[in-house]
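Here is a short tour of one model, written for someone who likes to look at geometry first. Please keep the viewer open as you read.

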Amino acid sequence: MQTSPGICQRKRRYETREEADAVAVRADVTLRTYKCALCHQFHLTSRTKGLRVPRTI
Ligand SMILES: [Zn+2]
């Protein structure tokens with residue numbers, strides 16, 4: 001995923017995927033965890049278009 005520096009700085013950063021996933025599952029909306037190529041940490045995004053969403057049900 002392409003990430004612009006502006007988005008990277010605005011978004012909350014998580015040091016681990018586990019930490020980001022823990023926040024994502026508690027959110028009201030579907031969030032995806034992705035590793036940022038700029039800061040090498042993890043962000044959450046609500047944009048799921050183009051990302052494969054694994055079905056858990
Ligand atoms: Zn970032």
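## The zinc site

In this predicted model, the four donor atoms around the zinc ion subtend angles of 106 to 113°, and therefore the arrangement is tetrahedral. For orientation, the ideal angle for four tetrahedral donors is 109.5 degrees. The donors are the SG atoms of Cys8, Cys36 and Cys39 together with NE2 of His43, and they sit at 2.1 to 2.4 Å from the metal.

Along the sequence, these donor residues follow the spacing C-x27-C-x2-C-x3-H. Two of them, Cys8 and Cys39, link distant parts of the chain: Cys8 belongs to helix α1 (residues 5-10), while Cys39 is in the loop between β1 and β2, 31 residues apart. Cys8 has a relative accessibility of 7%, so it counts as buried.

## His43, a donor in a strand

Buried or exposed: which describes His43? His43 is buried because its relative accessible area is 0%, and the cut-off for buried is under 20%. This residue lies in strand β2, and besides binding zinc through NE2, its side chain reaches the backbone oxygen of Arg12 at 2.9 Å.

If you select the surroundings of His43, leaving aside neighbours within four places in sequence, you will find contacts with Cys8, Lys11, Arg12, Arg13, Arg32, Thr33, Tyr34 and Cys36. Two of these contacts, Cys8 and Cys36, are also zinc donors.

## The hairpin

Now for the wider layout. The chain holds two helices and two strands, and from the N terminus the order is α-α-β-β. Strand β1 (residues 32-35) pairs with β2 in the antiparallel sense over four bridges, and Thr33 stands opposite Leu44 in β2.

Six residues separate the two strands of this hairpin. His40 lies in the loop between β1 and β2, and its phi is near 60°, a positive value in a residue other than glycine. His40 is exposed because its relative accessible area is 55%, and the cut-off for exposed is over 50%.

## Two faces of β2 and the core

Which residues of β2 point which way? Phe42 and Leu44 point one way from the strand (residues 42-45), whereas His43 and Thr45 point the other way, and all are buried. On one side, then, is the zinc donor His43; on the other, Phe42 and Leu44 join Tyr14, Ala20 and Ala24 in the largest nonpolar core, which has five residues in all. The elements that give two or more residues to this core are α2 (17-26) and β2.

Phe42 is a good residue to centre on. Apart from neighbours within four places in sequence, Phe42 is in contact with Arg12, Arg13, Tyr14, Glu15, Thr16, Arg17, Ala20, Thr33, Tyr34 and Lys35. Among them, Tyr14 and Ala20 are core members.

## After β2, and the chain as a whole

Ser46 lies in the segment after β2. Not counting residues up to four places away in sequence, Ser46 touches Thr30 and Leu31. The C-alpha atoms of Ser46 and Thr30 are separated by 6.1 Å, although the two residues are 16 apart along the chain.

How much of the chain counts as buried? The figure is 21% of the 57 residues. Among contacts between residues at least 6 apart in sequence, 44% join residues at least 24 apart.

Key
Residues are numbered from 1 along each chain as its sequence is written. This is a predicted model: local features need pLDDT of at least 70, side-chain atom pairs count only at pLDDT 80 or more; totals for chains, interfaces and linings use all residues. Side-chain values use heavy atoms; hydrogens and water are left out. Buried means under 20% relative accessible area, exposed over 50%, partly exposed in between (1.4 Å probe, protein chains only). Two strands pair if DSSP finds at least two bridges between them. Donors are N, O and S atoms within 2.8 Å of the metal (3.2 Å for Na, K and Ca); water is not among the atoms, so sites may look incomplete. Four donors count as tetrahedral if all angles lie between 85 and 135 degrees; four count as square planar and six as octahedral if opposite donors are over 155 degrees apart and all others between 65 and 115; anything else is irregular. A nonpolar core is a set of buried Ala, Val, Leu, Ile, Met, Phe, Trp, Tyr and Cys residues joined through side-chain atoms within 4.5 Å. Contact means heavy atoms within 4.5 Å. A polar contact is a pair of N or O atoms within 3.5 Å; within protein, one must be able to donate a hydrogen and the other to accept it, and residues adjacent in sequence count only if both atoms are side-chain atoms.
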